[in-house]
Amino acid sequence: MRYVTAGESHGPELVAIVEDVPAGLKVSADLIDYDLSRRQSGYGRGGRQTIERDRARIVSGIRFGRTLGSPVGLVVENRDWANWTDRMVADGQPPANLKREVTPRPGHADLVGALRTNTDDCRDILERASARETAARVAAAGIAREFLAELGVEIYSYVVSVGDVALKEADPMGDAARYNPMAIETSEMRCPDSATTEAMKQAINCARRQGESLGGTFRVVATGLVPGLGTYAQARGRLTSQLAQAVFSIPAIKGVEFGLGFEAARRPGSQVHDPILLGNAAFDRASNNAGGLEGGMTTGLPLVITAAMKPIPTLMTPLSTVNLETLQPEEASKERSDVCAVPAAAVVAEAEVAFVLATAYQEAFGNTCMADIRQNLAAYRDRLKTLAR
Ligand code: EPS
C-alpha cells in the first residue's frame, strides 16, 4: 500500500492517492477525520490551526463504505486558501505588490530548495516543504490503519520530551505498551502524565515569550503484530530499514531509534537481548528491549520506535541570513508559525508506520481482497501455534 500526495500549504487543497488497496475493506470517513483532528491538536501550535478544520473528502476507490480495490483518492481543503488566492493562484500573473520571500530561514528548506530549483522566491519552496503536507499523509493512512485494525493491529503515539522537559519512565520499553490511551489523547501534549504535560506547556510558553521554538521526542507503538513480518534476506526488505525511512520522511525528524536504540550500544549483550520463553502455545520474551524487531522482522512483541524532532525553524527572534536579492546580511523571515509541533509529528509518524506495516502484511498474506488476507493470516497464526506446542 503506497501513497502519493500533492498540494501546497496555502493552495486550495491537499490531495492524496492511495494505491494497492485490497477490496472489501471497511473505511469510515469519521475515523480519518478523527486522526486529522488529532494531527491538528497539541499545545504550541500557531494561528493556522484556528483557521483549518481538516476533513477528508473521499473521491474514489470506496463504494458504500467499502474499498473497491481501486486507488483511493482523498482531498483535504485548505481553508486558509481564501486568504492566499492572489498569491497562490495557478494561472495568471503575480500581483504588482507580490512580496517575494528572499530571507531564507536557517533550518528550513528555503535556501537549499531555492538553490536547487533556481527560484528567487523561497515561497516556491516553503509552500511544499511546509509540514501542512502531512495532513494529506494522515488522511491517506486512514486506509492503512483500518486495514491493520481488521487484522488486529493498533498504532498509537505519545510525546516523551519537549525541550529539556521529559516524561519519567522506570522501564521505557515496558511502559510504552502499558499507557492508558485516554491519558494520551486527553493530554494537550499527547503525554500520558499530567504533571509532565503541564511542565511541557510551561516550557512552550517560555519559548514563545523568548521568540524561540522547541523540538522534542516521541514514541510510536504498534501492538497486535504477528512475528515474522519483513525479512532478514534482503537489505531493503528489512522492516527496520523501511520503518526508519518512513519516519525520517517526516519534516524535522533528526533521529530514529528502535527499542532501546542508542542505549543498547552502552550495555553489554546480556542486558540488551530479550530471553526467549515458551508461553501459552506461543513463543514469548522476558523483555522487549529490541522494541519488537529482530533481524529486520517483527518479533510479535510491541513495535516501539522513538523519534527526535528538531525545533521549528521559523523564529520570532530570527537568526541571521543573507538576503537573496541584495546579498546583504539580514534577519531571517518571520511569519506566523508553530512554537512546538511535536504532538502533531507523533500523529504523522503513526501514519507513516501504518503504511509500512500494512505493506508488510500485504506482502505476507496477499493483496487482492480482505477475505483472502484474513484467511491467510489465520492459517499463519495456526501454523505458529503448532510450532510452539
Ligand atoms: C509550517 C508553518 C505553519 C504551520 C504549518 C507548517 O503554517 P502557516 O505558515 O500557514 O502559519 O502551521 O503546518 C500546518 C499548516 C499544518 O496543518 O500542520 C511550516 O512552515 O512548515
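Biologist: What makes the radius of gyration of the chain agree with a compact globule?

Modeller: This is a predicted model. For 389 residues, a compact globule would have a radius of gyration near 21 Å. The chain has 22 Å, so the two agree. Along its principal axes, the C-alpha trace spans about 75 × 50 × 40 Å.

Biologist: How many of the residues count as buried?

Modeller: Of the 389 residues, 48% do. The cut-off is under 20% relative accessible area. The chain exposes about 18,500 Å². Carbon and sulfur atoms supply 54% of that area.

Biologist: What do the contacts in the chain join?

Modeller: Take the contacts between residues at least 6 apart in sequence. Of these, 71% join residues at least 24 apart. The secondary structure comes to 12 helices and 17 strands.

Biologist: Which residues surround the ligand?

Modeller: Among them are His-10, His-108, Ser-130, Ala-131 and Glu-335. Arg-39, Arg-48 and Gln-49 also belong to the surrounding group. The shell divides into one nonpolar, four polar and seven charged residues.

Biologist: Why is the pair between Arg-39 and the ligand called a polar contact?

Modeller: The cut-off is a pair of N or O atoms within 3.5 Å. A polar side-chain atom of Arg-39 lies 2.6 Å from a ligand oxygen, so the pair qualifies. For Arg-48 the distance to a ligand oxygen is 2.8 Å. For Gln-49 it is 3.0 Å. Taken alone, the ligand exposes 470 Å², and the protein buries 93% of that.

Methods
Residues numbered from 1 in each chain as written. Predicted model: local features only at pLDDT ≥ 70, side-chain atom pairs only at ≥ 80, totals over all residues. Heavy atoms only, no water. Near = heavy atom within 4 Å. Polar contact = N/O pair within 3.5 Å; in protein donor to acceptor, adjacent residues only side chain to side chain. Areas by Shrake-Rupley, 256 points an atom, 1.4 Å probe, with all protein chains shown as cover. Nonpolar A, V, L, I, M, F, W, Y, C, P; charged D, E, K, R; others polar. Helix = DSSP H or I, 4+ residues; strand = E, 2+ residues; numbered from the N terminus. Rg over C-alpha atoms; globule rule 2.2 N^0.38 Å. Buried < 20%, exposed > 50% of the residue type's maximum accessible area, 1.4 Å probe, protein only. Contact = heavy atoms within 4.5 Å.
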